[in-house]
Amino acid sequence: MLKTHAKYTLGQVVRHRKHPFRGVIFDVDPEFSNTEEWYDAIPPESRPSKEQPFYHLLAENDQSYYVAYVSEQNLVLDDTGEPVDHPDLGDLFGEFRDGRYPLEFQLN
């Protein structure tokens, strides 16, 4: 039985430890759950362990918005207190409050 505990939760604003982007967590995998091609594209010296939580982020940098898939070891809490401007935030979350986004979506 898998006994992984995620350090971060849905709606938290985080940033990448090494690369200049930040984002809002919208899903968590208890361990790596992407393709082998994606994993093999990471330089061997930078590849994170697959046996840790991986987070799906609505991410942004200075040039664009996108979805990122990041290992827990490469994330830190964003301490700027600033909201994220990703255009898809409103599909899943309410207004930015107290440094996070509350999960608010409707099922059809």
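Where does D98 lie relative to α2? D98 lies in the segment after α2 (89-92). The model is predicted: local features need pLDDT of at least 70, side-chain atom pairs count only at pLDDT 80 or more, and totals for chains, interfaces and linings use all residues. Residues are numbered from 1 along each chain as its sequence is written, and side-chain values use heavy atoms, with hydrogens and water left out. An open sheet of 5 strands is described below, followed by the largest pocket, with about 280 Å³ of space, and some single residues.

**The sheet**

- The 5 strands form an open sheet in the order β4-β3-β2-β1-β5. The pairing is antiparallel.
- Helices (H or I, at least four residues) and strands (E, at least two) are DSSP runs, numbered from the N terminus.
- Two strands pair if DSSP finds at least two bridges between them.
- The edge strands are β4 and β5 (75-77). Each of these pairs on one side only.
- From one strand to the next, the twist averages 45 degrees. Axes here are lines fitted to C-alpha atoms, for helices over the stretch in contact, and angles run from 0 to 180 degrees between N-to-C directions.
- Strands of a sheet pair through backbone hydrogen bonds, either parallel or antiparallel.

**Strand pairs, from β4 to β5**

- Strand β3 (residues 54-60) runs antiparallel to β4, and 7 bridges join them. The two form a hairpin with 4 residues between them.
- Within this pair, A59 stands opposite Y66 in β4. F54 stands opposite S71 in β4.
- β2 and β3 pair over 7 bridges, in the antiparallel sense. V28 has Y55 in β3 as its bridge partner.
- Strand β1 (residues 13-16) pairs with strand β2 (residues 22-29) over 3 bridges, again in the antiparallel sense. Their hairpin has 5 residues between the strands.
- R15 stands opposite R22 in β2. The bridge partner of V13 in β2 is V24.
- β1 and β5 run antiparallel and are joined by 3 bridges. In β5, L77 is the bridge partner of V14.

**The largest pocket**

- The largest pocket holds about 280 Å³ of space. Of the 15 residues that line this pocket, the closest to its centre are H16, H19, I42, Y69 and N74.
- A pocket is found on a 1 Å grid over the protein atoms alone: it is an open set of points with protein on both sides within 12 Å along at least five of seven lines, whereas a cavity is a set where a 1.4 Å probe fits but cannot get out. Lining residues have an atom within 4 Å of a point.
- Grid points are joined across faces, edges and corners, and a volume is the space filled by probe spheres set on the points.
- Strand β4 (residues 65-71) gives the largest share of the lining, 4 residues.
- By class, the lining divides into 9 nonpolar, 5 polar and 1 charged. Ala, Val, Leu, Ile, Met, Phe, Trp, Tyr, Cys and Pro count as nonpolar, Asp, Glu, Lys and Arg as charged, and the others, Gly among them, as polar.

**S71 in β4**

- S71 is found in strand β4. This residue counts as buried because its relative accessibility is 2%.
- Buried means under 20% relative accessible area, exposed over 50%, and partly exposed in between (1.4 Å probe, protein chains only).
- Not counting residues up to four places away in sequence, S71 touches P48, Q52, P53 and F54. Contact means heavy atoms within 4.5 Å.

**Residues outside the strands**

- E31 has its place in the loop between β2 and α1 (36-40). E31 is partly exposed, with a relative accessible area of 35%.
- The C-alpha atoms of E31 and S46 are separated by 17 Å. These two residues are 15 residues apart along the chain.
- E95 lies in the segment after α2. E95 is exposed, at a relative accessible area of 65%.
- Leaving aside neighbours within four places in sequence, E95 is in contact with R100, Y101 and P102.
- A distance of 9.2 Å separates the C-alpha atoms of E95 and P83, which are 12 residues apart along the chain.
- D98 is exposed, with a relative accessible area of 82%. Phi of D98 is near 50 degrees, a positive value in a residue other than glycine.
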